[in-house]
Structure formats: C-alpha cells, structure tokens
Amino acid sequence: MEFKSQKRRHQKRETRVIAIINQKGGVGKSTTAVNLSAALGEEREKVLVIDFDPQGNTTSGYGIEKEELDKCVYNALLQGEPIENLVHETVVPGVWVVPATIQLAGAEVELVSEMARESILRGIIEPIKNDFDYIFIDCPPSLGLLTINALVAADSLLIPIQCEYYALEGVTKLLESMRMVKSRLNPKLEVFGVLMTMFDSRTTLSKQVVEEVREFFGKTVFTTVIPRSVKLSEAPSHGLPITLYAKSNKGAVAYQKLAKEVMKRA
C-alpha cells in the first residue's frame, strides 16, 4: 500500500508520539487507541495509530481483517519493510493504522539478537513522523522489548487505569521502567496523562479508585473519565469506533471530551 505524505494541521508544532501503556491487560488500551484517535480525527487532526500488540485489537477495532493482511508492523520491525508501505486508511478521515497480527508475538525473542534493539521502532517511525499531528502506539500488556521500543520511540505516555480493585497494582513497576528508559535511552520521556476507564457512577468503589488515582498522580489525571458502556464493548465487533457506531452514546461523548483535553495539553 502506497502512503502519500499528508499535510497536517499543526505544521509548526512538533508531532506528539504517545505510547498508550499499562502492563495490565483489560484496562482499555486498545479501546482508547481506537476511540481517542477517531475523536481526534473528527477534530481534523492527522493521526497515526501503530498497533504494537500481537493481539491486534486496535487493528480489528478499525475493521481491518487481520487474516487478509500480507504484512504488518512485524515486517517493519524485523525485516526492514518501510513503514509507509504498511499504513492503512480507516473509516475515519484523517486517521491511519499500522496493523498488527499474531506474527508480532515472536518479535520479543527475535529482537534479542538485533543491534540497538530498544531503538528500532523510533527509527521506523522517523520517515513519516512529520506527516501527523499525533502518533499513538498501542502497547502490549507487558514490559518486554516491544514495550521498551515504544517507550524509546515515544515522547510521552498515556496510562489507562481501570476503576477496579488493585487499580494501581503494577503502576510502580511501569513508572520504574519509564524512569530507566528516560535516564538511559530517551531523556524527553514524560507522562502525558492518566485516564480512568470503565467508570461506574453507581458504585462507591469506582469513585474511591478515581480519588486514589488522582491523589497518586495529581494533575496528570485527565478530567474526563471513560464510563462503562455496552456500546463501547460492542463497537469493535462492528469494526467501528464508538463515535461512528453510536455517536450519542456516553462513551462516544467521553472520548470526544478526552480528545479536546488532549489537544489542549499538546
């Protein structure tokens, strides 16, 4: 697939490369990657989403059939395929995806023997970085070499945290990894924002978790909270972001608000 250079909205502003990261699974990383990018696209921002999780949930969340793909991000990471050959248009104008398939699962082992193995993704992104206002990297639920590559390539992190028991479990380890990468490989790396997901306003627990996270992270926590929503859960099975699947749904409204917050911070 030939990718043509895009004129982006903010020519004078440096492209934001944001890793969506939490080593816990099921906290809403892919949901956020799909729906935040879609909401930003609707705001006329140019957005690239790199699916860096072998599960490929962001890929299928945008209706891309993984079984029909000849190549994915793995081919850029380990076979030198130019990333512009892997970029797919989405149903949202202004949003593109570099897909992932299960082939990426073997990358953790294969990267071990590569030169400068922690910095490969950063080099891959460089040729097309300036074509976008935002590049999101949807990370796998681990702190292995794929995630380290994302930390080196990114300038900041967006950390989704589920409004459930043990919400902060493992976050300390994640922040330690961030500090290690910052000190050795990527001095500009910072936390862009912490996002509370799967919030249920009917439960005291959800409210307590939000308070606990705000106390821990302070002003880096977004004002917007993503609610639990059946429609949010259904949308990926239709290959659509929530803003197209159920535009008036509370989940869609929340991601539209989050997009505006992200734009202000950027």
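Which residue in β8 is the bridge partner of Phe-199? The points below take up this matter and others.

1. The structure under discussion is a predicted model. Its sheet is open and built from eight strands, which follow the order β3-β4-β2-β5-β1-β6-β7-β8. The pairing within this sheet is mixed. Strands β3 (88-89) and β8 (221-227) form the edges, each of them pairing on one side only.

2. At the β8 edge, the opening question finds its reply: the partner of Phe-199 is Pro-227. Strand β7, residues 190-199, is joined to β8 by three bridges, and these two strands run parallel. Helix α1 (residues 29-42) packs on the sheet, where it touches β1 (16-20), β2 (47-51), β4 (95-98), β5 (134-138), β6 (156-162) and β7. The direction of helix α1 makes about 165° with that of β5.

3. The largest nonpolar core comprises 58 residues. Within this core the most contacts belong to Leu-48, Ile-50, Leu-77, Ile-137, Ile-161, Val-213 and Phe-217. Helix α6 (residues 145-153) supplies the largest share, namely seven residues. A second core, separate from the former, has 32 residues, including Ile-64, Leu-69, Val-92 and Ile-226.

4. Ile-50 merits a closer look. Leaving aside residues up to four places away in sequence, Ile-50 touches Val-73, Ile-83, Val-98, Ile-125, Ile-135, Phe-136, Ile-137 and Asp-138. One of these, Ile-137, is also listed with Ile-50 among the core residues that have the most contacts.

5. Salt bridges number 10 in the structure. One of them pairs Arg-16 with Asp-155, with 3.0 Å between the closest N and O atoms. This pair links distant parts of the chain, 139 residues apart: Arg-16 belongs to strand β1, whereas Asp-155 sits in the loop between α6 and β6. Asp-155 has a relative accessible area of 11% and is therefore buried. Arg-16, at 22%, is partly exposed.

6. A further salt bridge brings together the side chains of Glu-81 and Lys-71, at 3.0 Å from N to O. Because Glu-81 lies in the loop between α3 (73-79) and β3, and Lys-71 in the loop between α2 (57-61) and α3, the pair ties together parts that are 10 residues apart in sequence. Why does Glu-81 count as buried? Its relative accessibility is 18%, and the cut-off for the term is under 20%. Lys-71 counts as partly exposed, with 39% relative accessibility.

7. In helix α9 (residues 230-234), Glu-234 and Lys-231 are three residues apart, about one turn of the helix. Their salt bridge has its closest N and O atoms 3.9 Å apart. Glu-234 is partly exposed, with a relative accessible area of 29%; Lys-231 is likewise partly exposed, at 36% relative accessibility.

8. How many disulfides does a search of the whole structure find? The result is zero. For Cys-139, the nearest cysteine sulfur is that of Cys-72, 16 Å away, while the cut-off for a disulfide is within 2.5 Å. Cys-139 is buried, its relative accessible area being 0%. Cys-163 also counts as buried, at 1% relative accessibility.

Notes
Residues numbered from 1 in each chain as written. Predicted model: local features only at pLDDT ≥ 70, side-chain atom pairs only at ≥ 80, totals over all residues. Heavy atoms only, no water. Core = buried A, V, L, I, M, F, W, Y, C linked by side-chain atoms within 4.5 Å. Buried < 20%, exposed > 50% of the residue type's maximum accessible area, 1.4 Å probe, protein only. Helix = DSSP H or I, 4+ residues; strand = E, 2+ residues; numbered from the N terminus. Contact = heavy atoms within 4.5 Å. Pairing = 2+ DSSP bridges. Axes fitted to C-alpha atoms, helices over the stretch in contact; angles between N-to-C directions. Salt bridge = Lys/Arg side-chain N within 4 Å of Asp/Glu carboxyl O.
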